[in-house]
Amino acid sequence: MTSLDSCAGCGKANSGLKACKACELVKYCNVDCQVAHRSKHKKACREKAAELFDMKLFEQPPEREDCPVCMLPMQYDDQGLIFMTCCGKMICDGCFFMMCGSTTRRLLIR
């Protein structure tokens, strides 16, 4: 097996190597080297690509955070969340609405 900083096809050390897009196990200096090395790399590539696919498929979603104001679980997407520049935290839309003054609330309702 070649080192990580040399081409898997020709063995030349090169800084502009591109990794195999399917498995990222080996690197090549050009398409010709990739085509020439394909027969040797095919089996390992398929196995690693399947492993990477399974890892991505069964990856757990990020743990839910609670709103620091109301302590209710927040949504996964960013819709309905407000970023507070004072503390760097995200709060839910409802808490932001309640923190607004009564004049601002009247404007938001209309």
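In this predicted model, His-37 touches Ala-8, Gly-9 and Tyr-28, leaving aside residues up to four places away in sequence. His-37 is found in helix H1. Its relative accessible area is 13%, and His-37 therefore counts as buried, the cut-off being under 20%.

**Helix H1**

Helix H1 covers residues 31–57. A straight helix of 27 residues would span 39 Å, at 1.5 Å a residue, whereas the end C-alpha atoms of H1 are only 29 Å apart. H1 also contains a kink of about 70 degrees, with its centre at Arg-38. At the N-terminal end, Asn-30 acts as the cap of H1: one of its side-chain oxygens lies 3.1 Å from the backbone nitrogen of Asp-32. Buried positions in H1 are Cys-33, His-37, His-41 and Cys-45. Strand S2 (27–28) is among the elements that cover the buried residues of H1.

The contacts of two of these buried residues, not counting residues up to four places away in sequence, are set out below.

| Residue | Residues touched |
|---|---|
| His-37 | Ala-8, Gly-9, Tyr-28 |
| Cys-45 | Cys-20, Ala-22, Cys-23, Arg-38 |

Cys-45 thus touches Arg-38, the residue on which the kink in H1 is centred.

**Nonpolar cores**

In soluble globular proteins, nonpolar side chains tend to be buried together. The largest nonpolar core here has nine residues: Cys-7, Ala-8, Leu-17, Cys-20, Cys-23, Val-26, Tyr-28, Cys-33 and Cys-45. A second core, separate from it, consists of six residues, among them Cys-67, Met-74, Met-84 and Cys-92.

Technical notes: Residues numbered from 1 in each chain as written. Predicted model: local features only at pLDDT ≥ 70, side-chain atom pairs only at ≥ 80, totals over all residues. Heavy atoms only, no water. Helix = DSSP H or I, 4+ residues; strand = E, 2+ residues; numbered from the N terminus. Expected span 1.5 Å × (residues − 1). Bend = angle between axes of the 7 residues up to and from the residue. Buried < 20%, exposed > 50% of the residue type's maximum accessible area, 1.4 Å probe, protein only. Contact = heavy atoms within 4.5 Å. Polar contact = N/O pair within 3.5 Å; in protein donor to acceptor, adjacent residues only side chain to side chain. Core = buried A, V, L, I, M, F, W, Y, C linked by side-chain atoms within 4.5 Å.
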